[in-house]
Amino acid sequence: MPGVSTSSTLRATPFSASDRADVNYSAIKPCDIANGEGVRVSLFVSGCTHHCKGCFNPSTWDFAAGEPFTPEVEERILSLLAPDYIQGLSLLGGEPFEPENQAVLATFVRRVRERLPGKDIWCYTGCVLEQDLLVPTRWRTAVTDDLLSMIDVLVDGPFIESLKDISLPFRGSSNQRILHLRTTALCATMFSTRQRFRTSEP
Ligand code: SF4
């Protein structure tokens, strides 16, 4: 994933009590201009099995890295998102679409949508949308479609070192795509593909 770390990154802070230690996050950037349009709050979740050569953030590969993503952390991010100068939320990692991460992120993104409907959501994934997320693979879960439906912009594809291009905005290698899921015809394609998938299920 082509995210960029800067000195403004806030490392995860420990929480004393958590009923939901199943997803960890590695960092929150409260004022990020590198990972999506405008000024954004970026959440780096923990866990990634892509292991791209030359990954910008290998410390997030470990699902146990960082700290638990608790409801208190969610509230902190919602507060960071509130100011008018913040355009939206970016989800990075790690891999937001690791099956272990999807349900918690879907619930959280829904909270963001409900509380702050004017904010947009960007998500970076090492998966390729059509190959990994819309057809039966280990990446698809019961909430994959739900999570995708709430994302405005998906930056997809693994980081490929031989295709690295630092001139590209918001991505690290030229194979990666910036997909405007909610504003282009691709959205219709997605639903069509899902429908074919659903009708083939038992
Ligand atoms: S998907 Fe992103 S976080 Fe995972 S290995 Fe590739 S570049 Fe690194």
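A residue is buried if 20 or more other C-beta atoms lie within 10 Å of its own, exposed if 12 or fewer, and partly exposed in between, with C-beta atoms placed from the backbone. The model is predicted: local features need pLDDT of at least 70, side-chain atom pairs count only at pLDDT 80 or more, and totals for chains, interfaces and linings use all residues. Numbering starts from 1 along each chain as its sequence is written.

**Exercise 1.** Find where histidine 51 lies and classify it as buried, partly exposed or exposed.

Solution. Histidine 51 sits in the loop between strand E3 (39–45) and strand E4 (67–68); strands (E, at least two residues) and helices (H or I, at least four) are DSSP runs, numbered from the N terminus. Its phi is near 50 degrees, a positive value in a residue other than glycine. Histidine 51 counts as exposed because it has 10 C-beta neighbours inside 10 Å.

**Exercise 2.** Do the same for phenylalanine 170.

Solution. The loop between strand E7 (153–156) and strand E8 (177–180) holds phenylalanine 170. Its phi, near 65 degrees, is positive in a residue other than glycine. With 18 C-beta neighbours inside 10 Å, phenylalanine 170 is therefore partly exposed.

**Exercise 3.** State which form the peptide bond from glycine 93 to glycine 94 takes.

Solution. The bond is cis, with omega near 5 degrees. Glycine 94 belongs to the loop between strand E5 (86–92) and helix H2 (99–115).

**Exercise 4.** Give the average pLDDT of the protein and the pLDDT over residues 195–202.

Solution. pLDDT is the predictor's confidence in each residue, from 0 to 100. The protein averages 86, and 80% of the residues score at least 70. Over residues 195–202 pLDDT stays under 50. Where pLDDT is low, the predicted coordinates should not be read in detail.

Key:
Two residues are in contact if their C-beta atoms, placed from the backbone, lie within 7 Å.
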